[in-house]
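Me: Can you walk me through this one? I'd like to start with the ligand and then move to the packing.
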Amino acid sequence: MKVAVPREITAGEHRVALTPDAAATLVKSGIEVLVESSAGAGAFHADAAFEAAGARIVADAATLYGQTDVVLKVQKPTLAEVDHLREGTVLVSFLQALTSPDLVQRLAARRITSFGMEGIPRISRAQKMDALSSQANIAGYKAVLIAAGALPKFFPMLMTAAGTVFAAKTLVIGAGVAGLQAIATARRLGAQVWGYDVRPVVKEQVESLGAKFLEFDLGQADTEDKGGYAKALSEEASRRQQQMLGEKTKEFDVVVTTALVPGRAAPRLVTKATVAGMRPGSVIVDLAAEAGGNCELTVPDTVVVEHGVTIHGPTNLPATMPAHASQLYARNVTELLREFVKDGALALNFDDEIVGGTCVTHNGAVVNAAVQAALSTGTAS
Ligand code: NAD
């Protein structure tokens, strides 16, 4: 079985789907690993390191795609990349399948068996494969560093001969994986931290990190689905949330927003009016920028200053820490790959919760129920 790792071509993407260490593990298990020349350069892995791990370096992507059974990627492929894949190739990558209808249809038309890393079920057996978590952890950490860099104040409280400075007040909205890491990082830097989420179950997790939890009565009891994800709020609950959160947000020096509802536009939680009411010099880092932003003034990958408030909307923070991001992602994909292989050959068991749940297209059809529903209702856009 041949597994290929192309160079990522998305602008600013420095990660690679496999590190030399992960490649060595696959090689040891009898899998042939092919790596496009300079694929690891952005993550500081030279071709020679892959060769030392037992992988073969291939000069270009077209040659690579022409001779492999499985392709491992980080970013969803472009349509042109899909067209280079051989019919029947197994593709493992982030696909953002719920919101990428053109890509999904092309993968089906090209008869690619595609697996979206965002679809790994959040069950204990799949924790080692959970790339959403491994990468969100990095984003949460880096978001706080960006905020600390942009804030014209200290994060910690300091008592100096020249006077006392008070700790920065930090609010983290959305306490999932990224939010909890943002809370932990802001605490390590000495900020006073509050967390907020629509799912009341995270209160304990927020408090266990030494932060306080904000609670609002939104008049909607049912805020979590069976998978543990947030549900979209009703119009009335959203309005109440914007209003209550708006009042509170004004008190903070730093606001990190991470609120997402899978397959939907990010909830709008910080309005223009809220920003206008914040103290000049305050900083917002909006990790939901790619899904439309939690803040009304966010512009993806741009630093906006409005009313003296600096708003960052980074869309790919994991790529800014490519060494660890690639290390963790490589572990995630190799663990998933393990589920696909028996006695050194591909053996896909679609009845398995992980294999079946992650597969998006197979044999010319879209096989994932959630993706089918998004395509038919047109929510995928
Ligand atoms: P996510 O990225 O989908 O969303 C981030 C956070 O935003 C979530 O905590 C969500 O509740 C919150 N949110 C959504 N709408 C909001 C709103 N209007 N206001 C405030 N907050 C809002 O979430 P995630 O980080 O991927 O985590 C999703 C769930 O999966 C969590 O329950 C997490 O604990 C769980 N999880 C489980 C495992 C596992 O068991 N293997 C691994 C990772 C995550």
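Reply: Sure. Valine 177 puts a backbone N or O atom 2.7 Å from an oxygen atom of the ligand. Keep in mind that this is a predicted model.

Me: And how much of the ligand's accessible area does the protein cover?
Reply: The protein covers 84% of it. On its own, the ligand has 840 Å².

Me: What does aspartate 197 do there?
Reply: An N or O atom in the side chain of aspartate 197 sits 2.6 Å from an oxygen atom of the ligand.

Me: And which ligand atom does glutamine 241 face?
Reply: A nitrogen atom. A polar side-chain atom of glutamine 241 lies 2.8 Å from that nitrogen.

Me: Which residues come nearest overall?
Reply: Arg122, Val177, Asp197, Arg199 and Gln241, out of 23 residues around the ligand.

Me: How does that shell split by class?
Reply: It has 12 nonpolar, seven polar and four charged residues.

Me: New topic. How many residues are in the largest nonpolar core?
Reply: 38. Leu18, Leu72, Val92 and Met117 have the most contacts inside it.

Me: Which element gives the largest share of this core?
Reply: Helix H11 (322-340), with six residues. Other elements that give two or more include strand S1 (2-5), helix H1 (20-28) and helix H12 (353-358).

Me: What does leucine 18 touch, leaving out close sequence neighbours?
Reply: Among others, Val5, Phe50, Leu72, Ala330 and Val333.

Me: What else is there apart from that core?
Reply: Another core, of 27 residues. Ala136, Ala175, Val254 and Val256 are among them.

Conventions. Residues are numbered from 1 along each chain as its sequence is written. This is a predicted model: local features need pLDDT of at least 70, side-chain atom pairs count only at pLDDT 80 or more; totals for chains, interfaces and linings use all residues. Side-chain values use heavy atoms; hydrogens and water are left out. A residue is near a molecule or strand if one of its heavy atoms lies within 4 Å of it. A polar contact is a pair of N or O atoms within 3.5 Å; within protein, one must be able to donate a hydrogen and the other to accept it, and residues adjacent in sequence count only if both atoms are side-chain atoms. Accessible areas come from the Shrake-Rupley method with a 1.4 Å probe; for residues, only the protein chains shown count as cover. Ala, Val, Leu, Ile, Met, Phe, Trp, Tyr, Cys and Pro count as nonpolar, Asp, Glu, Lys and Arg as charged, and the others, Gly among them, as polar. A nonpolar core is a set of buried Ala, Val, Leu, Ile, Met, Phe, Trp, Tyr and Cys residues joined through side-chain atoms within 4.5 Å. Buried means under 20% relative accessible area, exposed over 50%, partly exposed in between (1.4 Å probe, protein chains only). Helices (H or I, at least four residues) and strands (E, at least two) are DSSP runs, numbered from the N terminus. Contact means heavy atoms within 4.5 Å. Lists of a residue's contacts leave out its neighbours within four places in sequence.
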